[in-house]
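Take a look at the fold below, then follow the side chains through it. The walk goes from rings to sulfurs, then to one serine and one helix.

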Amino acid sequence: MPRTPTSTLLVDLLLIPQWLVPVEPAGVVLEGHALGISDGQIAWLGPRERAPQAQQVRELPGCLLTPGLVNAHGHAAMSLFRGLADDLPLMTWLKEHIWPAEARWVDETFVSDGTDLAIAEQLKGGITCFADMYFFPRVACERVQQSGIRAQVAAPLLDFPIPGAASVDEGLHQAIELFGELRDHPRIRMALGPHAPYTLSDASLEKIRIVADQLDAPVHMHIHETAGEVEQALADSGERPLARLARLGLLGPNLQAVHMTQVSDDDLALLVESNTSVVHCPESNLKLASGFCPVERLWQAGVNVAVGTDGAASNNDLDLLGETRTAALLAKAVAGSATALDAHRALRMATLNGARALGLEAICGSLEVGKAADVVAFDLSGLLQQPVHDPVSQLIYATGRDCVKDVWVAGQPLLLDRRLTQMDEAALAANARAWGARIAGRQE
């Protein structure tokens with residue numbers, strides 16, 4: 001395509017899509033634009049006829065270019081438990097099936113193999129950054145490092161022994177070590193992962209808050225996942241879990257409150273006042289009948305709402321595009337308004353809002369010069385996407401993750417023409433089948 005460069009800028013890679021949605025500023029769809037990448041960052045964005053010279057040019061006709069999707073909550077290695085115990089209530093699912101299976105099977109090899117499987121699935125679905133909360137966080141960090149994806153890895157903390165840590169104190173010690181080792185890592189951010197208010201005492205939560213303050217660390221936690229959780233807390237102490245966390249000093253911009261299906265007026269006031277982010281996991285909540293996060297109500301009040309898949313054991317996939325569609329549709333039903341969570345805001349929730357929740361908004365989540373080149377190309381040229389009146393609406397309401405064509409993280413191509421560049425898909429599938437046979441055989 002003929003271009004007339006207006007500067008001497010030379011970029012490593014020039015992407016030329018049909019449409020480009022930067023997400024910031026909000027609601028913008030650019031046609032006839034291109035994006036230049038150099039040294040892993042977005043170096044240029046503008047009209048394609050004014051594009052700089054490039055060492056490599058990738059034409060993307062019929063494609064929509066967006067920021068990489070940010071999966072703001074999940075348990076990556078649980079991909080190996082996909083479909084293990086379906087159609088059960090949350091506490092039955094946890095106590096009678098998942099926790100016993102974890103006690104039997106979870107070790108460093110399980111976490112390594114399960115995390116690899118999850119990373120591959122997420123990259124193929126356009127996810128360039130994910131939040132993980134699972135056992136053996138050091139192993140998860142190693143797999144993230146190897147794969148090239150971006151992640152926040154939370155060290156799990158509970159008041160009873162878990163795989164890899166016998167106590168909260170041991171878990172905190174491991175987390176502090178990882179914080180020190182990974183402080184300057186370009187793609188990995190560590191977090192503290194207290195499981196939930198009902199699995200931690202006040203004393204343990206106070207320890208976690210002290211360490212979080214000292215390290216300026218994100219805190220990633222399941223909160224108000226079900227009505228039963230809130231009712232039990234009120235019966236035990238007369239205090240709602242969110243109010244308890246506020247009393248203990250844990251609310252704030254570093255807290256990522258996952259689920260929040262139960263939100264009273266007082267809860268909403270606490271979230272707004274503290275600038276706490278909420279991570280919405282609609283499909284897991286639906287499958288476990290946990291309740292409905294009032295996304296539109298939170299959004300209109302000024303709460304930052306991100307979206308996550310949760311783990312593949314309760315979802316059962318890591319399809320953030322599908323999750324975002326569900327979130328948009330569910331928000332309309334919960335709010336009783338067809339205008340709730342429109343397509344552009346839904347995409348923002350799955351990109352910039354997720355990055356903001358993880359404290360990464362200065363690095364990723366939107367296509368802006370100076371940010372990391374975490375970019376996805378969605379192919380909207382197929383029969384099932386025609387006609388394209390609004391590419392963002394088409395992406396959210398009519399497109400599946402099979403339309404993800406290319407994925408770059410920090411400028412590195414991790415998916416090209418729908419094929420992973422750094423991971424062996426056949427080997428991953430064979431290994432997952434072997435794990436499935438092993439787990440099923442043990443349960444017979």
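**Rings, sulfurs and a helix face**

Start with a tryptophan. Trp99 has a relative accessibility of 26%, so Trp99 counts as partly exposed. This is a predicted model. Phe160 is also partly exposed, at 33% relative accessibility. What kind of aromatic pair do Trp99 and Phe160 form? The pair is edge-to-face. The centres are 5.9 Å apart, and the planes meet at 65°. An angle over 60 degrees is what puts a pair in that class. Trp99 belongs to helix 1 (residues 90-105). Phe160 sits in the loop between strand 8 (150-157) and helix 4 (168-182). The two are 61 residues apart in sequence, so their pairing ties together separated parts of the chain.

Next, Tyr134 and Phe135. Their rings form a tilted pair, with 4.6 Å from centre to centre and 45° between the planes. Are these two residues buried or exposed? Both Tyr134 and Phe135 are buried.

The structure holds 5 aromatic pairs. Ring pairs also build a cluster, which links Phe81, Trp105, Phe110 and Trp435. Trp105 has a charged partner too. The charged end of Arg104 sits over the Trp105 ring, 4.2 Å from the ring centre. A second arginine is placed over a ring elsewhere: Arg345 lies over the face of Trp299, 5.0 Å from the centre of that ring.

Now the sulfurs. How many disulfides does the structure hold? The count is 0. Cys63 shows the reason in one case. The closest cysteine sulfur to that of Cys63 belongs to Cys403, and at 9.3 Å it is too far for a bond. Cys293 is a similar story: the closest cysteine sulfur, in Cys281, is 9.0 Å away, too far for a bond. The cut-off for a disulfide is 2.5 Å between the sulfur atoms. Cys63 is buried, at 1% relative accessibility. Cys293 is buried as well, at 3%.

Move on to Ser314. Where is Ser314 found? Look in the loop between strand 13 (305-307) and helix 11 (320-335). Why does Ser314 count as buried? Its relative accessible area is 2%, and buried means under 20%. Leaving aside residues up to four places away in sequence, Ser314 touches Trp93, Ser284, Lys287 and Leu288. Glu283 is 31 residues from Ser314 along the chain, yet their C-alpha atoms are separated by 8.4 Å.

Then helix 6, residues 227-237. Which of its residues are buried? Glu229, Val230 and Ala233 are. Viewed down the helix axis, the buried residues of helix 6 fall within an arc of 95°, so they line one face. Strand 10 (219-223) and helix 7 (241-247) are among the elements that cover these buried residues. The other side of helix 6 has Glu231 and Ala235, which are exposed. Just after helix 6 comes Gly238, with a positive phi of about 75°.

Finally, the annotation. An unreviewed UniProt entry places the feature "domain: Amidohydrolase-related" at residues 65-412. That span is 43% helix and 16% strand. The end C-alpha atoms of residues 65-412 lie 15 Å apart.

Note on methods:
Residues numbered from 1 in each chain as written. Predicted model: local features only at pLDDT ≥ 70, side-chain atom pairs only at ≥ 80, totals over all residues. Heavy atoms only, no water. Phe/Tyr/Trp six-rings, centres within 6.5 Å; stacked < 30°, edge-to-face > 60°. Helix = DSSP H or I, 4+ residues; strand = E, 2+ residues; numbered from the N terminus. Buried < 20%, exposed > 50% of the residue type's maximum accessible area, 1.4 Å probe, protein only. Lys NZ or Arg CZ within 6 Å of the ring centre and 35° of its normal. Contact = heavy atoms within 4.5 Å. UniProt positions renumbered as here; feature names shortened; annotations may be inferred. Arc of directions from axis to C-beta.
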